[in-house]
Amino acid sequence: QVQLVESGGGLVQVGGSLRLSCAASGRAFNRYAMGWFRQVPGKERDFVAAISWAGLTTYYGDSVKGRFIISRDNAKNTMYLQMNSLKPEDTAVYSCAAREGRAGRGEYDYWGQGTQVTVSS
């Protein structure tokens, strides 16, 4: 198993930037493909981005392409989400997730607790 803890959320103005981190512990971090998801109360969880175990392949949801960048540092057991040009509609709880196998959308096996991101206009 792997345990995931997010950090870096907060309040930011429209057009601003935030960097989220997802720290992993437990089994070897580089075994896992990783992803970021977000959810607003009362709505389904949305796919944000994903990255392969080696960091060579990335995927993005349409609403964040060109604004968000996913990355990972396997030596530090940490994944990141750099969020730029933030919009009010980016406000959500952001969660990181892990699974063995290929990165991408779909189901993940392990989840963090989430971190709140609020974008004010």
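Two strands count as paired if DSSP finds at least two bridges between them. In this predicted model, strand β9 and strand β11 (residues 115-120) meet that rule, with 3 bridges in the antiparallel sense. In this pairing, V93 stands opposite Q116 of β11. Strand β9 also pairs with strand β10 (residues 110-111), again antiparallel, over 2 bridges. There, A97 faces W111 of β10. A further pairing joins β4 to β9. These two strands run antiparallel and share 8 bridges. Q39 stands opposite V93 of β9 in this case. V93 therefore has Q39 opposite and Q116 opposite, where pairing requires at least two bridges between the strands concerned. Strand β9 is mostly covered, with 7 of its 9 residues buried.

The structure contains 1 disulfide. The bond joins C22 to C96, with the sulfur atoms 2.1 Å apart. The two cysteines come from distant parts of the chain. C22 belongs to strand β3 (residues 18-26) and C96 to strand β9 (residues 92-100), a separation of 74 residues. The torsion about the S-S bond is about 65°, so the disulfide is right-handed. C22 has 0% relative accessibility and therefore counts as buried. C96 is likewise buried, because its relative accessibility is 0%. The cut-off for that class is under 20% relative accessible area.

Aromatic contacts were examined next. A pair of aromatic rings is described by the distance of the centres and the angle of the planes. The whole structure yields 5 aromatic pairs. One of them is formed by F37 and F47. Their ring centres lie 5.7 Å apart and their planes meet at 75°, so the arrangement is edge-to-face. F37 is located in strand β4 (residues 32-39) and F47 in strand β5 (residues 46-51). The pair therefore ties together parts that are 10 residues apart in sequence. F37 has a relative accessibility of 6%, so F37 is buried. F47 is also buried, at 11%. Y108 and W111 make another edge-to-face pair. Here the distance is 6.4 Å centre to centre, with 70° between the planes. Y108 is buried, with a relative accessible area of 5%. W111 is partly exposed, at 29%. Ring pairs link F37, F47, Y108 and W111 into a cluster.

Charged side chains also contact rings. R45 lies over the face of W111, 3.8 Å from the ring centre. W111 thus has an aromatic partner in Y108, a charged neighbour in R45 and a strand partner in A97. A second contact of this kind involves R72 and F29. The charged end of R72 sits over the F29 ring, at 4.4 Å from its centre.

The count of salt bridges comes to 4. Among them is the bridge between R31 and E100, whose closest N and O atoms are 3.2 Å apart. R31 lies in the loop between β3 and β4, whereas E100 lies in strand β9. The pair therefore ties together parts that are 69 residues apart in sequence. R31 is partly exposed, with a relative accessible area of 38%. E100 is partly exposed as well, at 39% relative accessibility.

D62 and K65 form another salt bridge, at 3.3 Å from N to O. Both D62 and K65 are exposed. The bridge between R67 and D90 has a different setting, as both of these residues are buried. Their closest N and O atoms are 2.7 Å apart. R67 is found in the loop between β6 (58-60) and β7 (68-73). D90 is found in the loop between β8 (78-83) and β9. The pair therefore ties together parts that are 23 residues apart in sequence. Shared partners extend this contact: salt bridges join R38, R67 and D90 into one network.

Notes:
Residues are numbered from 1 along each chain as its sequence is written. This is a predicted model: local features need pLDDT of at least 70, side-chain atom pairs count only at pLDDT 80 or more; totals for chains, interfaces and linings use all residues. Side-chain values use heavy atoms; hydrogens and water are left out. A disulfide is a pair of cysteine sulfur atoms within 2.5 Å. Helices (H or I, at least four residues) and strands (E, at least two) are DSSP runs, numbered from the N terminus. Buried means under 20% relative accessible area, exposed over 50%, partly exposed in between (1.4 Å probe, protein chains only). Rings of Phe, Tyr and Trp (its six-membered ring) pair if their centres lie within 6.5 Å; planes under 30 degrees apart count as stacked, over 60 as edge-to-face and the rest as tilted. A charge sits over a ring if NZ of Lys or CZ of Arg is within 6 Å of the ring centre and within 35 degrees of the ring normal. A salt bridge is a side-chain nitrogen of Lys or Arg within 4 Å of a carboxyl oxygen of Asp or Glu.
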